[in-house]
Amino acid sequence: MFIVIAIIAFGVLIGIHEFGHFIAAKSLGVKVNEFSIGMGPAIFKRQKGETLYALRILPIGGYCAMEGEDEETDDPRCFSRQRGWKKIIILAAGSFMNFLLGLVLVLVIFSQAAGFNAPVISGFTENNPYEGENALQVGDEIYSVDGHRIYFTGNFSLYLSRNSSQVYDIVVIRDGERVELNDFAMKPYEQADGSTAYGLSFSVVEANLGNTLKYSWYTTIDFVRQVWLALSDLVGGLVGLDDMAGVVGIVDMINDVGSETAQNEGVGIALMDIGYLVAFIAVNLAVMNMLPIPALDGGRVLFVLLNGLIHLITRKRIPARYEGYVHTAGFVLLLGLMVVVMYNDISRIIS
């Protein structure tokens, strides 16, 4: 059941992304030749007006094919003849819809919550070394660690763990004012029960309408930040291709989470856990699609900006066919990466 749910979720993620491009293009008067969900042979297709609508067999992609997107054409409604701001809106609309979907899913899930973990210190263990007049105090709201905004208690421990020096610049909100604790040393220590921790306890705030909206927004923004952290770890060599998951790996992950949670806590909780994971994937897709890489929406936005700069200086533009060649090459490379990641996913499942 959860594999089927995962596949449907991917279809929804792709569909909402392409719908963003589609509705933006239609709203701005750009001709759309085909709106397709999935890749490969068509299971269903129907021509309605100037647009062919298709559902294809492989749920690993989709597209909104606009007139003149990668080739020269004389049609005044083609994509390539539109003003730069229109192109950017159309290209960014897909990622915007993915982000919006993630936010809505989090909001629906959090509407069932009883409270939220706020980064407000409610107490310390006895003889805690981090409590004091020139240190942390009960009632302090942890605002940032090393410049990173703290939205939840989990953010606090995350950013403490990412600084190997264990010396931090911490900002707290105390009595309505910001207090800076620069070069503040913190490291986990052994507690009475034998565990290691910082010896801080935090508050739980009521899940009223205002807090539900606030923490839903915070969570979605934190998803964006987690994606950037993962990308920085990938570029920095802290993680490699073996740590990446593709469609197969994510479907397997959703199935594992759903099956285990359903067995222990019931199907309702399992569906909420899956919804939370799908929300994160939706935001992940929004961020990844806006990277300035050929074939991705961000790569196309980059070409729009480059064209604008070149036109401003030389009164010429990059021919659409050349841009198409670059995006085609990028698409081939991305497909190659997908194959490698899929191979790793299948190998992990088998092993």
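This section describes the overall build of the chain and two of its helices, as seen in a predicted model.

The chain comprises eight helices and ten strands. Along the principal axes, its C-alpha atoms occupy a box of roughly 75 × 55 × 40 Å. Of the 351 residues, 39% count as buried. Among contacts with a separation of 6 or more, 63% are made by residues 24 or more positions apart. The exposed area of the chain amounts to about 19,100 Å², of which 61% is supplied by carbon and sulfur atoms. Charged side chains number 24 positive and 36 negative, and the centres of these two sets are separated by 18 Å.

Helix 1 (2-27) contains 26 residues and extends 36 Å between its first and last C-alpha atoms, close to the 38 Å expected at 1.5 Å a residue. Just after this helix, Gly29 adopts a positive phi of about 80°.

Helix 6 spans residues 267-289. Because a rise of 1.5 Å a residue applies, its 23 residues should span 33 Å, and the distance of 32 Å between its end C-alpha atoms agrees with this value. The buried residues of helix 6 include the aliphatic side chains of Ile274, Leu277, Val278, Ile281, Val283 and Val287. Ala270, Ala279, Ala282 and Ala286 are also buried, as are Gly275 and Asn289. The cover over these buried residues includes helix 1, helix 2 (84-110) and helix 4 (209-235), together with helix 5 (247-265) and helix 7 (297-314). Helix 1 thus belongs to the surroundings of the buried residues of helix 6.

Note on methods: Residues numbered from 1 in each chain as written. Predicted model: local features only at pLDDT ≥ 70, side-chain atom pairs only at ≥ 80, totals over all residues. Heavy atoms only, no water. Helix = DSSP H or I, 4+ residues; strand = E, 2+ residues; numbered from the N terminus. Buried < 20%, exposed > 50% of the residue type's maximum accessible area, 1.4 Å probe, protein only. Contact = heavy atoms within 4.5 Å. Areas by Shrake-Rupley, 256 points an atom, 1.4 Å probe, with all protein chains shown as cover. Lys, Arg positive; Asp, Glu negative; His and termini not counted. Charge placed at Lys NZ, Arg CZ, Asp CG, Glu CD. Expected span 1.5 Å × (residues − 1).
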